[in-house]
Amino acid sequence: MARLHEYQGKKILAVNGFKIPRGRAVSSANKAVAAAKELGGEVVIKIQAWTTGRAGIGGVAFAKKPEDLQAHAERMLAMKVGQFPVEAVLVEENIDIDREFFLSFAIDDAARAPVIIFATGGGTGIEDRAASTRRIPCDVNSGPLNSAVDDVVGSCGLSPAHANQLAESIRKLFAAARSVEARSLEINPLALTKSGEFVAADCRITIDDYAVGRHPELGIEIAREFDHPPTSLERIAYAVEQNDHRGTFYFAQLATAAPKGSEGLVGFHGAGGGGSMMSMDAIVNAGFTIANFTDTSGNPSASKVYRAARIILAQPDLVGYFGSGSGVASQEQYWSAYGLAKAFWELDLDIPAVIRLGGNTEDRAVDILHRMSKLLRAPVEGYRKSDTPAFIAARFAELVATAAAKKWKPRAPRVPKFINHDVAIALAVKNGHVWIDRERWPQIRSAVQEHSGGLIVDLAGAPTPSVTAEEFATKDSELLACEVECHLAGIQGFYLELDIPGLDELIGGAR
Amino acid sequence: MAILIDEKKRVVVQGITGREGSVRTRLMREYGTNVVAGVTPGKGGQSVLGVPVFNTPQEAVNSLGKIDISVLFVPAAGVKDAAISAIEAGIKLAVLVPDRVPVWDAMEIAAAARANGAMFLGPNTLGALSPGKAVLGMIGGRAESARQWFKPGVPKGVGVISRSGGMASSTGYYLGQAGVRISTIVHIGGDAVIGTRLPDAALMFKEDPLT
């Protein structure tokens, strides 16, 4: 789930009618002091970080004079919370609190509806007082049930005016959550000040990843909850996923080095959540360290699997490539085999790969991998649904041992010389081009026509799509298969270029 | 017997003219599913694989009479409107195959289902399959694979429920290898808000005398 910082969340609350403390998020100590001077009076400074219990780790401080803030701000902006450096602090007026309330929006999966959780007495340690919380059921369209709101508010012993404000706050919380399609939205505390106003003193929001595209106003770059700032490779992978919605592609980096005692770093390529988990367990049990989690499933295009493999193989020091997901997949597995085969060939794979593509068309998938293996410097072995993850993990360990744990060096792909050249003909596909060497065309045309399933035919001596340009552009997977079959038949002069923006620069930069 | 789906249930496919919709319609029919109609707004009057296409589920019901189930192969952003249109046309089970359906959309579908006494499977589900009878969605992929992998629950069979699509078919396959017959495989989907949760499916199996 995409997370927002406190200061971002408070802006959303303010738009929805909440009163929030005056203040500003800043990224330097000098700006923090300047903000305090503007505010006047006593201020509070808080790290903007995705953690609870900020006060306990020195992430919250109070200052009576602006100058006192300098040291706090410097210290906080040098902090690291988990893998995340603190990049901003929020400087706010300190508010005079009379009473605190806990207000939290959540989604109740059993009710399949929103729910608001309420407690008198906010602040830290609310988790320990779970028994004292009250639940206010909500209708997804009309919001909190009035009777439940009245019931909860009536039990707080507030004056009629304050009770009314609290009830309004509960309704506004729902409206705020709905406005950004929040998965969760917590205000802790909602403070009743001595001057008699309800103020949202803190805010934590997570946004539904699948709805982030409908909320460009939130400026969320990567709609995923990582435990570290997104790496360059994760950004590249995320862009690939956004550009091709045929099937799912997920990529997250887990480790960049194998700890002592490990058998080595493994590039992991799963398919489907459950099968991937079983497969990751198997490879970890065999003593290896997983460099990345990758999932291509839901009937992905061959191009997507190819791009995933290229991204996995942009990680240095891998001792092997382990592909295993759902053993009995409903998707057509030969597309995945073609995608992997193209990536392995282009990168001249010299570390072992063990790939289990069980399920539909598994024999064809395994056959493609085994034929490609003969053109590579390291073995690529394909397995089926009858082979368990534990069995293929053991086989992987044997192959890695035979290769003496040789470590992978990321490299630029082998690209034929004729592309981007006058002698080549380019035909556009989705996020890429087919390149055909004009000089070789007379010799290869019958093979290309056959392996492309008739998508490319000869017209007056030139390669020509047999379908409209629009339809041809969607046939990238079929054309990828054509290229692999050409490689396997020793035919040169046909190449499918599939863009992965930023990847070549990243690999080039790593050298 | 089985739950959710058998060869008699009348099924409409929403998004039938799309890439995924047309391919899956063919596979469902090959396995035995009684697909009586398709829906794609703006393409009413056409036909796909001999199945008549309507603009809305309501038009399909008006023309063909009662329809039991709708299977959705539409883009994630269109799932909410498509599912609610099926539910409001009186269809009592919607199978939401697409993934990446926003959770607020799923909650709105749930509210519409409650109001109309309907239920749904998914979002993000491969569907359900009753071996030897019929399939909703894409469990098993090809009809020939599904026939090889899953043993019909005759006279009785075991019910399979999974949140993971891969595990749903794997479990069905491994049971078959061990000679165990299956009444229905249900992939309930992995999202936070789903129409049919594990206890719901378990209770349906409990009521089925042949599971």
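In chain A, the centres of domain 2 and domain 3, taken over C-alpha atoms, sit 44 Å apart. The domain assignment, automatic or from a database, splits this chain into domain 1 (23-93), domain 2 (97-218), domain 3 (232-402) and domain 4 (424-510). All of this comes from a predicted model, where local features need pLDDT of at least 70 and side-chain atom pairs count only at pLDDT 80 or more, while totals for chains, interfaces and linings use all residues. Residues are numbered from 1 along each chain as its sequence is written, with chains lettered from A and ligands numbered from 1 in the order in which they are written.

Turning to chain B, seven strands make an open sheet with mixed pairing, in the order E3-E4-E2-E1-E5-E6-E7 (strands are DSSP runs of E, at least two residues; helices are runs of H or I, at least four; both are numbered from the N terminus; strands pair if DSSP finds at least two bridges between them). Strand E3 (47-48) and strand E7 (119-121) of chain B stand at the edges with a single partner strand each, so one side of each has no neighbour in the sheet. Further in, E1 (residues 10-14) and E2 (residues 34-39) of chain B run parallel, joined by five bridges, and B:Val12 faces B:Ala37 in E2(B).

As for B:Asp200, this residue belongs to helix H7 (residues 198-207) of chain B. B:Asp200 counts as partly exposed because 15 other C-beta atoms lie within 10 Å (buried means 20 or more, exposed 12 or fewer, partly exposed in between, with C-beta atoms placed from the backbone).
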